[in-house]
Amino acid sequence: MKKIVFTKYSNDRADCFSIRTDILQDEAGNRTVMKIPMHPAARQHLEDLSRWEAGLDQIYGEYGYAMNAGKRLDDGSVELAYVQGETLEEKLDRLLEAGQTEGVVRELKNFIEIVRRPAADPDVGMDFVMTDKFREVFGDVELPEGTESMRSTRITDIDLICSNVIIGDPMTVIDYEWCFDFPIPVNYLVYRILHYHIHTKGSRAILEEADLFSWAGITAEEIAVYERMEQSFQQYINRGHVPLHEVFGEFAAGKLRLNEMIERERYHISNETLQVFYDRGAGYAAADSYRISMEKGAVQAEIQIPEDVQGIRLDPGMEPGICVLEKLHFICGGGRELPAKFTANGHRMEGDTVYFPKDDPQLIIQEIEHGATRLLISLRIYQADPYVMERLLEKTRQQAAMRERYRRQIREMENTKAWKAYRAYRRLVERKKQ
């Protein structure tokens, strides 16, 4: 008899992508993974997995990568192997924590080179060509001439990111749900690898100094295009899904003005409360949360950390904005304060400032410091116009790319014979002065 030891609902998507993922365990302790359609329209989405598996194995098999083996069942579900091991993301974090930043950069570069290598093969790759299917999923965007992609007869897994790869021989890709059989820029895959690794955890901010986007040949202009593609992709996943407040709006009668009531309440929540969630091993749930009042978007508080808590999530309101973290520290034995490492579902800016472009901003503390009994919080969240912020971020990226070009030019100049000769001459002059 198998029992469910973990379940995750992905039912906030459109019906055709609405699924549930279960981890099952038998009496002997053996585990399997089940992906189950939550709507009849989602059966095709899961049926495609076997096609994606075969196509990706053919592309990446020669490079030491294999897709997690799956088996389609009669009820439309898919049974997958439960693969244990360290993910590439976990390995990179372990190296970073040990101070081996160069090792992290080297591993990321190796992974990116493997992901993009098939596109350089004439039998697999081609110059990107815009199609109607592409526009439907990623929008109508302009890309540079000669942009590499897989052929339309091949499969492209856009979610081939560090957290979906288990270290081993072969390397195992555990989630290949988001695949397509039309040309997609291979640099978009690289953008997602770097974006979802570097920009989703505060401790990884040091990797910005390696300027991996420039190393990969991705310009600031391309990044802006890929960000728009990512937004279109997220809208594609959620197409047809109507938020509850919009349903209320459709049914609201004139006398009650439900839509206005909902908007007022939403504004009240977003501007006057910080919601604190505890994870005690089963994930975050509203039942295990509470709210702290904020005044004009600001809060200073001390949160107790029960012994069984494994993670803490802070939701500073429900609307997009800029969150400035003045303090996020653990209090350990003897009153010792230690900064708390956190991730966010937004863009990390300078220092501990995070821009949240979408609703429901979240700060997630995945690692509780040993011996920590309390968490000190001091933050303020400001409303921000999304258009202005996107332009600001784009300008910041362009300036960073320009600085890197100047640094590269200086390094190249310093390696010339003329510069070395001048430097030797200056040393000689300085010695004579002494």
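## Contact range and overall composition

Of the contacts in the protein chain between residues at least 6 apart in sequence, 68% join residues at least 24 apart. The model is predicted. Its protein chain has 11 helices and 23 strands.

Of the 434 residues in the protein chain, 44% are buried. The exposed area of the chain is about 23900 Å², and carbon and sulfur atoms supply 50% of that area.

## The sheet at the start of the chain

An open sheet of 5 strands, paired antiparallel, runs in the order β1-β2-β3-β6-β5. Its edge strands are β1 (3–10) and β5 (70–72), each of which pairs on one side only. From one strand to the next the twist averages 20 degrees. Helix α1, residues 43–60, packs on this sheet and touches β2, β3, β5 and β6 (78–81). The direction of α1 makes about 130 degrees with that of β3.

Within the sheet, β2 (residues 19–25) and β3 (residues 31–37) run antiparallel and are joined by 7 bridges. Asp 22 stands opposite Met 34 in β3. Strands of a sheet pair through backbone hydrogen bonds, and the pairing may be parallel or antiparallel.

## Strand β23 and its partners

Strand β23 (residues 374–382) pairs with β15 (residues 298–304) in the antiparallel sense, over 7 bridges. One position in this pairing is Val 299, whose bridge partner in β23 is Leu 379.

Strand β17 (residues 321–331) also runs antiparallel to β23, and 9 bridges join the two. Here Val 324 has Arg 380 of β23 as its bridge partner.

## Nonpolar cores

The largest nonpolar core has 69 residues, and the residues with the most contacts inside it are Tyr 60, Phe 138 and Phe 233. Leaving aside neighbours within four places in sequence, Phe 233 is in contact with Val 137, Phe 138, Ile 158, Trp 178, Phe 180, Tyr 188 and Arg 192. A second, separate core holds 29 residues, including Ile 303, Leu 314, Ile 365 and Ile 377.

## Met 150 in strand β8

Met 150 belongs to strand β8, residues 148–150. Its relative accessibility is 2%, so Met 150 counts as buried, the limit being under 20%. Met 150 and Gly 125 are 25 residues apart in sequence, yet their C-alpha atoms are 4.3 Å apart in space.

Beyond four places in sequence, the contacts of Met 150 include Ile 59, Tyr 60, Val 115, Pro 118, Ala 119 and Val 124. Gly 125, Met 126, Ile 155, Thr 156, Pro 183 and Ile 184 are also among the residues that Met 150 touches. Of these contacts, Tyr 60 is one of the residues named for the most contacts inside the largest nonpolar core.

## Buried cysteines

Cys 162 counts as buried because its relative accessibility is 2%. Cys 179 counts as buried as well, because its value is 4%. The structure holds 0 disulfides.

## Two buried aspartates

Asp 93 lies in helix α2, residues 88–97. With a relative accessible area of 16%, Asp 93 is buried. Not counting residues up to four places away in sequence, Asp 93 touches His 197, Lys 201 and Arg 204.

Asp 211 is in the loop between α5 (186–198) and α6 (212–215). The relative accessible area of Asp 211 is 16%, so Asp 211 is buried.

## Backbone exceptions

Most residues other than glycine have a negative phi, and most peptide bonds are trans. Asp 211 departs from the phi pattern: its phi is positive, near 50 degrees, in a residue other than glycine.

A cis peptide bond joins Asp 169 and Pro 170, with omega about 5 degrees. Pro 170 is placed in the loop between β10 (165–166) and β11 (171–173).

Terms used: Residues numbered from 1 in each chain as written. Predicted model: local features only at pLDDT ≥ 70, side-chain atom pairs only at ≥ 80, totals over all residues. Heavy atoms only, no water. Pairing = 2+ DSSP bridges. Helix = DSSP H or I, 4+ residues; strand = E, 2+ residues; numbered from the N terminus. Axes fitted to C-alpha atoms, helices over the stretch in contact; angles between N-to-C directions. Contact = heavy atoms within 4.5 Å. Disulfide = S-S within 2.5 Å. Buried < 20%, exposed > 50% of the residue type's maximum accessible area, 1.4 Å probe, protein only. Core = buried A, V, L, I, M, F, W, Y, C linked by side-chain atoms within 4.5 Å. Areas by Shrake-Rupley, 256 points an atom, 1.4 Å probe, with all protein chains shown as cover.
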